[in-house]
Amino acid sequence: MREATVQGTCHPDFDLVRQEFARNFAERGELGASLHITLDGEAVVDLWGGIADPASGRPWEADTLAVVYSCTKGIVALAAHILVDRGLLDLEAPVSDYWPEFGCAGKEHTTVRMLLDHSAGLPAVDGPVQPGDMYDADTMASHLARQRPWWEPGTRNGYHLVTFGWTVGEVVRRVSGLSIGQFIAKEIAEPLGADFYLGLPEELEDRVAPITVWTPGPDYIPTPYMLAMNSRPDSVQAMAMGNVLAAGVDANSRPFRAAELGGMGGVASARGLAALYTPLALGGGSLVSNDTVARMSQTAVATSEDALLLIPTRFGLGFMTSMDNRRRGPRAAGSSVILGPSAFGHVGMGGSLGMADAAERIGFAYVMNKHGEGMLLNDKGQSLVDATYRSLGCRTNDPGVWTR
């Protein structure tokens, strides 16, 4: 695909970003995508291009929407932090203080913090999940309230692949009286005029780009997660993904996009996702206080082997921070996200990303419809992040963090 297919605007200081965005189409297999970056609250990059729907040939437009998978977790975490900032939610309190049914089966002392930092021991449901269950938040909250943790809460960290949205989302609902999708709409997206939806209105369906999932080629080397999932059917890895498959989850269906899937179901444009992070890059704006932004940007846990992904990971309270697994070789493909030391956000499966960097005062969002390899950033998204930091005059140091 030629560079001429790229549309939008780009400040001259960020022309390197524009070049990498175009290279994604020409060299890295991009189908359709958009990229939006703000600096000091002003848009410096607003680019889009390619095909939204290969079946019809519909082009990607400035306001095209796509499922952003686990980028959703960052916005669900933001909802919880807003409640903490308002004094309505205590990070150190037992979850059962807000959700009494949760306090059983070894979860009696699980805190809100443990839900956010992925140490609650609930990355999968081991009971039968029926078709349609995952589209119903009440049903999934009931499953997780009964679930015995896979490890003693607070003793290990393991990425809560899809369950994060139902646990944190249920706490938000118990405290605010609004479902997680309603809270995000009322308290975050609508006040900012942002195209981000958890529970997409049906009238917006014609703006959505269908997802093309990544398929392994003949040279694919399975990651530790995939090896465990495929070789041990009783493993937490197999259960975490097996529940999704058994439930018939289809991101290209209306039921998926209509549901409030807080772990993977957000639908957004790049402009919309960036709009949610831009206030956080500027100290919190109308959303949260400076102190809360500082807490959100901190790495809360760093583990040498994530109990689910089986690679080193670094998480804040609901957000990913910079993690560099490139030296681990081909089995770690798509398992890094290399940001600035003050940056926080969340990657979506296949490579989408929303983030804020308060030190550099940037909000960033990349949304696309053709997945790349891995659960974290692949070469398409990472090239855009790298070009952004280079444009700001930053450099990378040995731990894989962009800094000045």
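These questions and answers walk through a sheet, some aromatic pairs and a charge over a ring.

This is a predicted model, where local features need pLDDT of at least 70, side-chain atom pairs count only at pLDDT 80 or more, and totals for chains, interfaces and linings use all residues. Residues are numbered from 1 along each chain as its sequence is written, and side-chain values use heavy atoms, with hydrogens and water left out.

Visitor: Which strands are the edge strands of the open sheet in the order S5-S7-S6?

Guide: Strands (E, at least two residues) and helices (H or I, at least four) are DSSP runs, numbered from the N terminus. Two strands pair if DSSP finds at least two bridges between them. The pairing in this open sheet is antiparallel. Those that pair on one side only are S5 (66-67) and S6 (196-197).

Visitor: What is the bridge partner of Val67 in S7?

Guide: S5 and S7 (residues 267-268) pair in the antiparallel sense over 2 bridges. In S7, the partner of Val67 is Val267.

Visitor: How many degrees lie between the planes of Phe21 and Phe25?

Guide: Rings of Phe, Tyr and Trp (its six-membered ring) pair if their centres lie within 6.5 Å; planes under 30 degrees apart are stacked, over 60 edge-to-face, the rest tilted. Phe21 and Phe25 are 5.3 Å apart, centre to centre, and edge-to-face. Their planes differ by 80 degrees.

Visitor: Which ring has the charged end of Lys107 over it?

Guide: A charge sits over a ring if NZ of Lys or CZ of Arg is within 6 Å of the ring centre and within 35 degrees of the ring normal. The charged end of Lys107 is 5.0 Å from the centre of the ring of Phe102.
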